[in-house]
Amino acid sequence: MTTDVTIIGAGLGGLTLARVLHLHGIPATVYEAEPSPTARSQGGLLDIHDYNGQLAIQAADLTDEFRAIVLDGRQAMRVLDTDGTVLFDKSDDGTGGRPEVQRGELRQILLDSLPPGPVRWGSKVTRTRALGEGRHEVVFADGRSVVTGLLVGADGAWSRVRPLLTAAEPAYTGRSVVETYLYDATTRHPATAKAVGAGSMMVSARSREIFVHRERDDTLHAYAGLSVPQDWFAAVDFSDPAAAAARIAAEFAGWAPELTALITATDTAPALRPLHALPAGTRWDRVPGVTLLGDAAHLAAPNGEGANLAMLDGAELGRALAARPGDTEAALAAYEQAMFERALEFAETPGSDPGESTVHDLVAAFTRHEQP
C-alpha cells in the first residue's frame, strides 16, 4: 500500500497537521496505536498560549470550537508555602493569554474537524526503514505495512520514526511525578479544595513539589514531584495503592495536611510518571521524505509548552507543505529550521523545572511575569 502523507500518532500535533493539510486539500493518513479515541484518559488541563498553541488553533480554523471548551476561571494561579501559607494569588479576570481546556476535549474537536477515515486506530508501529529516494516503509504490529513518500513522526517521546533521522534518545531528567485525582473536592475535601483555589496551585521545596489543576466537575488533578533516581521507586509497591500513597506522602512530611491529602486521599491509584527529555538542541541533517514534530522532535522536561509546541509544529509543517506544493524538500527544510530554533528557545526557558526551585523562586518568577 502506498500513501502520500503518512502521520504516525494521533496526538494534538499529528491531528493539527492532518487538519491543516485537509484545509489545503492535501490528503493524509494518521496511524495511531490506541484502539479507539476513548481507549484511555487523555490527561488533564492544558493552558493554550496566545503565542503558539492558539496560533495553531487559528491555522486549523477551529477558534470558535476552541472557545466553546475553555474552562472559565481556570487561569487563576496560586503559589503556597509548604505550611499552606498563600504566597502568591492571581485570580482569572478573563484577560489572560493562557485559557485552560481539557486535553481530551481539545483532541476531540481536532478529530471532529477531519473527514471520515483518515485516522487508522489500532495501528502500532514496530519498525520503520528507508527505501531510498525519499520513500519509507512503516511496519505495524499486526503485520500490515505502508510505503509513503512523506513520513511524519508525531509519535511522542519513544518515537519509532526518530531513528531514521537521529540517534538521540530520551534520558531521565532526574525527576518523576506521581499522578493523583480527588473527585468532588469541594464537598469531600474542603480544606484541600480551599487551598488549591479556583485554578492551579503550586508548592515547591528543593527536590519536592506538588502541582494541582482544578478540572471540570470539581476534580483536583495533582502531580507530586520528586527529584530522585529512577531506582528509588523500585522500593515503592505501586500494586498496593494505599501503601504507595503513604510512601510517597512520607517524602512530604511536615507539609500542611491539606496539601499531603492530595496524595493520601487520592481516588485513583497513584500513577508513576518518570520524566524524560531529549538533549537540548537536538537536530539532524535534512533526510528526504521524513520529519518529526512535537515530543518526537524535541521532548523536554515539562514546562507548560509541550502541547503548545506540538500543535504549532503541526500547523507550521502543514502550511509549509501547502505553500510549496512542488517542492516538498524545501518545505521540510524551512519547517525544520524554524522548529529547531523554536524548540531550543523554550528548552532554555529559565525556571522550567519547578523541582529545582523554592516557593520563593516561584513567587519571584510569577511576580516578574505580572509586571508590565
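Me: Is R286 buried or exposed, or somewhere in between?
Reply: R286 is partly exposed, at 26% relative accessible area. Here buried means under 20% relative accessible area, exposed over 50%, and partly exposed in between, using a 1.4 Å probe and protein chains only. Keep in mind that this is a predicted model, where local features need pLDDT of at least 70, side-chain atom pairs count only at pLDDT 80 or more, and totals for chains, interfaces and linings use all residues. Residues are numbered from 1 along each chain as its sequence is written, and side-chain values use heavy atoms, with hydrogens and water left out.

Me: Which side chain does R286 meet in a salt bridge?
Reply: E329, at 2.8 Å from N to O. A salt bridge here is a side-chain nitrogen of Lys or Arg within 4 Å of a carboxyl oxygen of Asp or Glu. E329 sits in helix α11 (residues 328-347) and R286 in the loop between β15 (271-277) and β16 (290-292), so the pair links distant parts of the chain, 43 residues apart. Helices (H or I, at least four residues) and strands (E, at least two) are DSSP runs, numbered from the N terminus.

Me: And E329, how accessible?
Reply: E329 is partly exposed, at 27%.

Me: New topic: how many salt bridges does the structure hold?
Reply: There are 16.

Me: What does R129 pair with?
Reply: R129 forms a salt bridge with E137, with the closest N and O atoms 2.5 Å apart. R129 is partly exposed at 44%, whereas E137 is buried at 14%.

Me: Which residues are joined into one network?
Reply: R208, R247 and E251, through salt bridges that share partners.
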